[in-house]
Number of protein chains: 2
Amino acid sequence: MIKIYGDIASGNCLKVKWTADALRIPYQWIAIDVLAGDTHTPDYVSRFPFAQVPGLELADGRCLAQSNALIRYLARDTPWLPADPFQQAQIDQWLFWEQYSHEPYIAVCRFVMRYLGKHANERDPQKVERGERALQTMERHLSQRAYFAADTFTIADIALLAYTRVAHEGGFDLSPHAALRAWITRCETHLHNQGVTL
Amino acid sequence: MIKIYGDIASGNCLKVKWTADALRIPYQWIAIDVLAGDTHTPDYVSRFPFAQVPGLELADGRCLAQSNALIRYLARDTPWLPADPFQQAQIDQWLFWEQYSHEPYIAVCRFVMRYLGKHANERDPQKVERGERALQTMERHLSQRAYFAADTFTIADIALLAYTRVAHEGGFDLSPHAALRAWITRCETHLHNQGVTL
């Protein structure tokens with residue numbers, strides 16, 4: 001059985017958990033407390049040299065890291081990652097955009113408020129501005145389609161859902177973004193119907 | 001023929017150019033001047049809503065963005081992206097790590113010095129520290145193997161080479177990193193042998 005090393009409070013880890021749950025992939029969850037330093041123990045770093053969560057350990061002991069690489073690996077040969085190369089590339093562009101232009105602002109602002117206990121007005125103004133811009137990019141895209149990279153739900157939606165649905169915990173207001181809010185509900189319903197507990 | 005929209009000074013764009021050159025994929029290069037605002041014209045944004053370089057336009061007009069998604073697409077079914085799912089996931093983890101933990105520090109410090117004309121001591125200290133950490137992670141990994149994600153050169157090496165080989169332009173000193181310097185030379189030789197002009 002595979003092992004998922006994760007912190008249940010981390011959206012990056014939830015991406016992997018939701019994917020495994022929905023695709024009925026059996027796994028053992030190994031709880032890692034990032035704030036307590038669990039990602040920097042010699043044992044953890046020997047498996048995952050980036051010293052980050054989530055981590056995936058296969059039954060034979062081989063290890064992989066980086067949330068979006070993990071969901072791509074777990075969802076291979078399923079409808080969540082269609083086989084067509086162009087469709088895969090459309091998914092990939094959103095996965096990379098999420099890690100470069102979304103997570104560093106939306107997730108980091110949430111971390112600062114929820115885990116470091118800061119107020120919204122103590123957030124880095126540049127991160128706030130770039131987070132707002134990311135939400136606007138998503139709203140524009142979703143105003144013309146139901147999901148990010150295909151006509152149906154894919155791992156691009158999993159990757160973007162994780163931190164967008166809790167963006168308010170980082171001080172972001174989703175109320176001006178009607179298409180984005182509708183997409184969140186659509187994704188949550190889809191995951192719920194796949195047996196995922198959010 | 002495909003079109004590559006790129007700025008020749010951008011490492012992210014060079015990844016795509018080098019991949020197409022080495023794999024003998026014919027293309028038309030469309031020069032985009034980021035500093036002059038070319039990525040924000042209505043025409044460009046209609047193709048590439050992220051308003052970034054590089055961009056790839058297929059012969060039928062369909063467009064894709066995000067450098068690492070583009071090299072993954074161009075290198076499919078070649079030795080630079082082996083078919084084995086675990087090997088692909090190993091490549092993917094380095095592609096995502098590059099965009100999250102390397103490019104935002106190594107490339108951004110270079111941009112600040114080379115394009116904004118700042119001195120090394122005017123760089124953001126947090127970006128410098130994280131850039132140094134990225135170089136250390138690479139050095140540790142390369143001290144035990146020749147390439148990042150396989151026994152041979154893959155797109156993980158292309159992605160990491162682009163900004164690492166010019167890290168000194170961002171004030172980073174590669175002289176303490178012997179394995180990293182040897183890997184740069186190894187990659188440059190490999191690309192040269194494939195007919196790529198660096």
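Here's a quick briefing on how the two chains of this predicted model meet and on some of its salt bridges. Local features need pLDDT of at least 70 and side-chain atom pairs count only at pLDDT 80 or more, while totals for chains, interfaces and linings use all residues. Side-chain values use heavy atoms, with hydrogens and water left out.

**How the copies are arranged**
- Chain B lands on chain A after a rotation of 180° with 0.0 Å of shift along the axis, at RMSD 0.0 Å (least-squares fit on the C-alpha atoms of residues with pLDDT of at least 70 in both copies).
- The two copies are thus related as by a two-fold rotation axis.
- In chain B, the C-alpha nearest that axis belongs to B:Tyr100, 3.0 Å away from it.

**Where they touch**
- Chain B and chain A put 30 residues each into the contact (heavy atoms within 4.5 Å).
- The copies meet through the same surface, because 100% of chain B's interface residues are also interface residues in chain A.
- About 2,800 Å² is buried between the chains, 69% of it on carbon and sulfur atoms (accessible area, 1.4 Å probe, that two parts lose on being put together, summed over both).
- B:Phe86, B:Phe96 and B:Tyr100 supply 28% of the area chain B buries against chain A, more than any other three residues.
- No help from salt bridges here: the rule finds 0 across this interface (a side-chain nitrogen of Lys or Arg within 4 Å of a carboxyl oxygen of Asp or Glu).
- α4(B) gives the most to the side of chain B that touches chain A, with 16 residues (helices are DSSP runs of H or I, at least four residues, numbered from the N terminus).

**Salt bridges within the chains**
- Over all chains, the whole structure has 22 salt bridges.
- A:Arg47 pairs with A:Asp43, their closest N and O atoms 2.9 Å apart, and the two sit about one helical turn from each other in α2 of chain A, being 4 residues apart.
- Those two residues and A:Glu57 are linked in a network of salt bridges.
- A:Arg110 forms a salt bridge with A:Glu169 at 2.7 Å between the closest N and O atoms, and this pair links distant parts of the chain, 59 residues apart.
- A:Arg110 is buried at 7% relative accessible area, whereas A:Glu169 is partly exposed at 25% (buried is under 20%, exposed over 50%, partly exposed in between, with a 1.4 Å probe and protein chains only).
- B:Asp92 and B:Arg72 form a salt bridge, closest N and O atoms 2.8 Å apart, and both residues are buried.

Note on methods:
Residues numbered from 1 in each chain as written. Chains lettered and ligands numbered in written order.
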